[in-house]
Amino acid sequence: MTKFQRGELMEGWNDCPDIMMQANTSSGSVGSRLKRRTPRAYGSANSSQSSVATNNVAPAKEYTEEELRQVKLSIEAYVSEGQFKEDDKAFVNERLLGSFDSLEDGHKQFVARTAEAVISHQKKPGQLKTEVLTFMMANSGVSTWAVGLKKFVEMQ
């Protein structure tokens, strides 16, 4: 058996550094993992424990079921009445509006807040797009409809 097959350390120009060969049992590795932890975006599972600083931000509005239906109708009207490409309209209708009724409540709330900001021009499109992308990275299983929301924001 060779040294490699026995698991002995071998000296050579193409060897991994010794640190790569050590087991991950030191407390330093736990600390380094904690340092790499990124803050979660709003709407995520642990949003109340987020380490993102909030400077005098008002709590997000909670929409009732009726308000959510009205927001969906306003999205439909905004898309159909706007001077947008037919492909973009079809994409938003299929991806976002087609799945809106089956979304979780928290996701519906996020869509409603974002849609109202787009329709009323409360925020810049770049800022809204960043918020949507952050939401997509922080929440799994949202890409089917969130891509449509991103396109809706870009259409502004």
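Select helix α7 and helix α8 first: P125, L128, K129, V132, L133, F135 and M136 in α7 meet S143, W145, A146, V147, L149, K150, V153 and E154 in α8, where contact means heavy atoms within 4.5 Å. By class, this contact of α7 with α8 has eleven nonpolar, one polar and three charged residues; Ala, Val, Leu, Ile, Met, Phe, Trp, Tyr, Cys and Pro count as nonpolar, Asp, Glu, Lys and Arg as charged, and the others, Gly among them, as polar.

The model is predicted, so that local features need pLDDT of at least 70 and side-chain atom pairs count only at pLDDT 80 or more, while totals for chains, interfaces and linings use all residues. Residues are numbered from 1 along each chain as its sequence is written, and side-chain values use heavy atoms, with hydrogens and water left out.

Now view residues 125–138 (α7) and 143–154 (α8) along their lengths: the helices pack at an angle of about 175°, with their axes 9 Å apart. That makes α7 roughly antiparallel to α8, a term for angles over 145 degrees. The axes are lines fitted to C-alpha atoms, for helices over the stretch in contact, and the angles run from 0 to 180 degrees between N-to-C directions. Helices are DSSP runs (H or I, at least four residues), numbered from the N terminus.

Next add helix α6, residues 105–119, whose axis comes within 11 Å of that of α7 and crosses it at roughly 170°. The two helices, α6 and α7, are therefore roughly antiparallel to each other. Here H107, F110, T114, A117 and V118 of α6 make the contact with L128, E131, V132 and F135 of α7.

Within that contact, select F110 and F135, which form a stacked aromatic pair, 4.0 Å centre to centre with 5° between the planes; rings of Phe, Tyr and Trp (its six-membered ring) pair if their centres lie within 6.5 Å, and planes under 30 degrees apart count as stacked. F110 lies in α6 and F135 in α7, so the pair ties together parts that are 25 residues apart in sequence. Both F110 and F135 are buried, that is, under 20% relative accessible area (1.4 Å probe, protein chains only).

Finally, turn to the largest nonpolar core, a set of buried Ala, Val, Leu, Ile, Met, Phe, Trp, Tyr and Cys residues joined through side-chain atoms within 4.5 Å. Of its 27 residues, I75, L96, V111, W145, L149 and F152 touch the most other members. Helix α6 gives the most to this core, with six residues.

Note on methods. Angles under 35 degrees count as roughly parallel, over 145 as roughly antiparallel, 65 to 115 as roughly perpendicular and the rest as oblique. Rings of Phe, Tyr and Trp (its six-membered ring) pair if their centres lie within 6.5 Å; planes under 30 degrees apart count as stacked, over 60 as edge-to-face and the rest as tilted. Buried means under 20% relative accessible area, exposed over 50%, partly exposed in between (1.4 Å probe, protein chains only).
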